[in-house]
Amino acid sequence: MLRNRTQWHAWIAVPGLMLLVLVDAALLYRVAGGGPVTMVMGRWLPPFGIAFSVDLFGAAMALTAAIVALAAGIYALAEIGTSGRRYGFFPFLMLLLAGVSGAFLTGDVFNLYVWFEVLLISSFGLLILGSEREQIDGALKYAVLNLIATTLFLVSVGYLYAIFGTLNMADIAIKARASGSTAPMMTLAGLFLLAFGMKAAAFPVNFWLPASYHTPRITVSALFAGLLTKVGVYALIRVLVMLLPVERTELGPMITVVAIATMLAGVLGALGSTDIRRLLGYIVISGIGTMLAGVALGGADGLSGAIFYVLHSMVLMTALYLLAGQAARLCGSFSLASLGGLYRRSGWFAGLSLVLFFAVSGLPPFSGFWPKVVLVKAALAAGAWWIAAAILLAGFLTTIAFGRVFLLAYWRPAADEGSAVQEPIRWQAGLPLLALTILVVGFGVFPERLLQLTHAAAAGIEQPSAYLHSVFPQAGGTQ
């Protein structure tokens, strides 16, 4: 409607995102106090109509996604110029968030597929914003594998309907627990694991992420790192843990292998990267492995650690990409060979960077420390010392990777001070970066509330009786 009024786009999108943060916060407060909430379309009651059902897990994810999108939207005021707005950055941003929020709040598996399609379409538009050769190349790699994953997801949904005769998540959960079906459930669970693993960039189908996330504008990279892979992890937890718990237990050893391989492949790729954007892409992959470790462990502690790490990673990875954008503005390059002297140029920026580097390495007292403590404790309690060792090793190697970044880009003097781009940090870029860093520090210093929330969310996924009752308040299910 306002395609000819591009100067209005930001002033509609940013206040809209602020309103969404408030609405999602109110929704989380409502769910935390009163239990899961279900809304149905018209008079088509479940399981025949499409339902939107939100529990603590979905509400927390939706609120975090809105905060990330708001930070990116404010940052875009400084980075996205007239050309980017003309090609639809802010409409694509809102469409992306619609898909992400819908995926977190839907109670229908086919509807989950539809929201995946919505966010995929909008991500294509954001990825090629600018139409540079590198962006087109990255978009092609991104599109091919994601379309394969989407096709696998659709095949899995069809298979699911053939087995259960319903696509309502609550109805599937009830029937999967009640029936002694002879259907090939492990095949179904394996298909979902592969489809969502590709979406989440888990090993060995993770190569598309570092090949594409470094190509778009830094705001877009931050959005993708904060949101897209996390939707894949969310869907994996929702389907395998809540709908197919027996099959998830059987797939536990395979998920463990995938988790460890993803952690180590990501961090080794980061150690070998000379472009800071590629390095961050590999760190996104390593974080996905840590989340999958929680899924493999299962139980209240394993799932709680995974959910905590997802929420932490959404905020932190967005902040790290925005940080990389500002480092490039100050020095004129994303290459570690060209970066240098950042500490001398801006002391407060260097301090902010060090906080985020400590957080991504899992060092106290920042938010990345606590989910790793929970996961390591759960792994040792389950006798899975190899998972605990992999988490600790990945954290150690991540510390080395970011120590290298700090030494080269911050402590090392700039090669040529006179030729570097001397560009001050604008408030549109500094404000979201500072706000996200405050969240990282706040949840590290005061983790109790978030630990309680994630533990309750994990319990609600493992024992979804309240979720099922919100969808079927009378009968508790369908016959």
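**Cavities and pockets in a predicted model**

Reader: What is the volume of the second largest cavity?

Author: Good place to start, and do keep in mind that this is a predicted model. Cavities of 30 Å³ or more were looked for across the whole structure, and 3 turned up. The second largest cavity has a volume of about 70 Å³.

Reader: Which elements give two or more residues to the lining of the second largest cavity?

Author: Let's begin with the residues themselves. F116, L119, Y142, N146, K199, W208, Y213, L228 and T229 line the second largest cavity. By class they divide into 6 nonpolar, 2 polar and 1 charged. The elements with two or more residues in this lining are α5 (109–127), α6 (133–164) and α10 (218–243).

Reader: Which residues of the lining are closest to the centre of the largest cavity?

Author: The largest cavity has a volume of about 130 Å³. Its lining is made of 17 residues, and α13 (276–297), α14 (299–331) and α18 (385–411) each give two or more of them. Closest to the centre are I283, S286, G287, Y309 and V360.

Reader: How many charged residues does the lining of the largest cavity have?

Author: We can sort the lining of the largest cavity by class. There are 9 nonpolar residues and 7 polar ones. That leaves the charged class, and its count here is 1.

Reader: Which residues lie nearest the centre of the largest pocket?

Author: Now we turn to the pockets. The largest pocket has a volume of about 400 Å³, and its lining divides into 12 nonpolar, 4 polar and 1 charged residues. Of the 17 residues that line this pocket, those nearest its centre are T64, L311, F443, L450 and L453.

Reader: Which elements give two or more residues to the lining of the largest pocket?

Author: One of the elements is already familiar: α14 gives two or more residues to the lining of the largest cavity and also to that of the largest pocket. The full list for the largest pocket is α2 (56–79), α14, α19 (427–445) and α20 (448–462).

Reader: Which element gives the largest share of the lining of the second largest pocket?

Author: The second largest pocket holds about 290 Å³ of space. L20, D24, L27, S101 and L105 lie nearest its centre, among 17 lining residues. Two or more residues come from each of α1 (6–34), β1 (37–40), β2 (51–54) and α4 (89–105). The largest share, 6 residues, comes from α1.

Notes
Residues are numbered from 1 along each chain as its sequence is written. This is a predicted model: local features need pLDDT of at least 70, side-chain atom pairs count only at pLDDT 80 or more; totals for chains, interfaces and linings use all residues. Side-chain values use heavy atoms; hydrogens and water are left out. On a 1 Å grid over the protein atoms alone, a cavity is a set of points where a 1.4 Å probe fits but cannot get out, and a pocket is an open set with protein on both sides within 12 Å along at least five of seven lines; lining residues have an atom within 4 Å of a point. Grid points are joined across faces, edges and corners, and a volume is the space filled by probe spheres set on the points. Helices (H or I, at least four residues) and strands (E, at least two) are DSSP runs, numbered from the N terminus. Ala, Val, Leu, Ile, Met, Phe, Trp, Tyr, Cys and Pro count as nonpolar, Asp, Glu, Lys and Arg as charged, and the others, Gly among them, as polar.
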